Amino acid sequence: MSRAVGSRNAAYAQRRAALLGRLRARLSERGASLASWRELAAAAGVSLSTMSHYFGRRDDVVRAVMEDDLRQGAEPLATLARPTGPFSTSIADAVSHVATGLRHGVGTMFSVGLTEGLRHAELGPVFLGSALEPTLAAIEARLTAHINAGDMRAVDPRGPAIALVSPLLIAFLHQHELGGSDVRPLDLDALCQEHTAAFVRAWGVSSAD
């Protein structure tokens, strides 16, 4: 007796998810982001025809990984979007949240996305839509809440959102993805504290204002 359509679809999705996990691991390896189609198939432990069956082509694998990253990041992004207390506390929490994420997988995800997406007509917009824009949008939402509460200057939150995340991302890429820790080590915790203080001074509304 043949399986019901729903059962067949579930089995397909489970198999594809398992393959996606192996492929993400391969793409995330240092120096492996531009692995060939054949190398990706070998990492997944399947034939080229099986890879084509589940994904289509190489760019579709990268797209699938990026889109799955967005699904997995929904809860952390929601947390990043919510303000936590007064402006200074909330900014410190946001900086800590971003820094922790970069250290625990998000940094590698951004590194893969930049490697695959820069100057790529298809994958560039996918990386924007699945990682960079959702991160900026979450920060903008938090900042907008503070603007509405009156403890942040009334500005377009886009610029401050970029200003908040950029030093953290550059520092992580410099230290961990480009080998900067061997060239010029940086105390990332100290950077986070200094960056938080500078951001609050630049954009916060004091009682004297």
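A residue counts as buried here when its relative accessible area is under 20%. Phe-127, at 6% relative accessibility, therefore goes down as buried. Keep that cut-off in mind, since burial comes up again below. One caveat before going on: this is a predicted model.

**The overall picture**

The chain is helical, with ten helices and zero strands. Read from the N terminus, the elements go α-α-α-α-α-α-α-α-α-α. The C-alpha trace spans about 75 × 45 × 25 Å along its principal axes. Of the chain's 209 residues, 39% count as buried. Take the contacts between residues at least 6 apart in sequence: 65% of them join residues at least 24 apart.

**Aromatic pairs**

There are four aromatic pairs in the structure. Two of them are worth a walk-through. In one, the ring centres of Phe-87 and Phe-199 are 6.4 Å apart and the planes sit at 35°, so the pair is classed as tilted. This pair ties together distant parts of the chain, with Phe-87 in helix H6 (residues 87–117) and Phe-199 in helix H10 (residues 188–203), 112 residues apart. Both Phe-87 and Phe-199 are buried.

The other is Phe-110 with Phe-127, an edge-to-face pair with 5.5 Å from centre to centre and 85° between the planes. Here too distant parts of the chain are linked: Phe-110 belongs to helix H6 and Phe-127 to helix H7, 17 residues apart. Phe-110 has a relative accessible area of 5%, so this residue is buried. Its partner Phe-127 is buried as well, at 6%.

What do ring pairs link Phe-87 and Phe-199 into? They form a cluster with Trp-203.

**Helix H7 and its neighbours**

Helix H7 also packs against H5 and H8, and the axis geometry looks like this:

| Helix pair | Axes come within | Crossing angle |
|---|---|---|
| H7 (residues 123–149) and H8 (residues 158–177) | 9 Å | roughly 115° |
| H5 (residues 74–81) and H7 | 7 Å | roughly 30° |

With that angle of roughly 30°, H5 is roughly parallel to H7, because angles under 35 degrees fall in that class. On the H5 side the contact involves Leu-77, Thr-79, Leu-80 and Ala-81, and these meet Pro-134, Thr-135, Ala-138, Ile-139, Ala-141 and Arg-142 in H7. Sorted by class, the H5 contact with H7 comes to seven nonpolar, two polar and one charged residues.

Now for H8. The crossing of H7 past H8 is right-handed. From H7 the contact uses Glu-133, Thr-135, Leu-136, Ile-139, Glu-140 and Leu-143, while H8 brings Arg-158, Pro-160, Ala-161, Ile-162, Leu-164 and Val-165. The class breakdown for H7 with H8 is eight nonpolar, one polar and three charged residues. Thr-135 and Ile-139 of H7 turn up in the contact with H5 and also in the one with H8.

**A closer look at Leu-136**

Leu-136 is a residue of helix H7. Is Leu-136 buried or exposed? Its relative accessible area is 5%, so Leu-136 is buried. Leaving out residues up to four places away in sequence, Leu-136 touches Arg-158, Ala-161, Ile-162 and Val-165, which are among the H8 residues in the helix contact. Looking towards H5 instead, Leu-136 and Leu-80 are 56 residues apart in sequence, yet their C-alpha atoms are 9.8 Å apart in space.

Conventions. Residues numbered from 1 in each chain as written. Predicted model: local features only at pLDDT ≥ 70, side-chain atom pairs only at ≥ 80, totals over all residues. Heavy atoms only, no water. Axes fitted to C-alpha atoms, helices over the stretch in contact; angles between N-to-C directions. Helix = DSSP H or I, 4+ residues; strand = E, 2+ residues; numbered from the N terminus. Left-handed = near helix turned anticlockwise from the far one by under 90°. Contact = heavy atoms within 4.5 Å. Nonpolar A, V, L, I, M, F, W, Y, C, P; charged D, E, K, R; others polar. Phe/Tyr/Trp six-rings, centres within 6.5 Å; stacked < 30°, edge-to-face > 60°. Buried < 20%, exposed > 50% of the residue type's maximum accessible area, 1.4 Å probe, protein only. Parallel < 35°, antiparallel > 145°, perpendicular 65-115°, else oblique.
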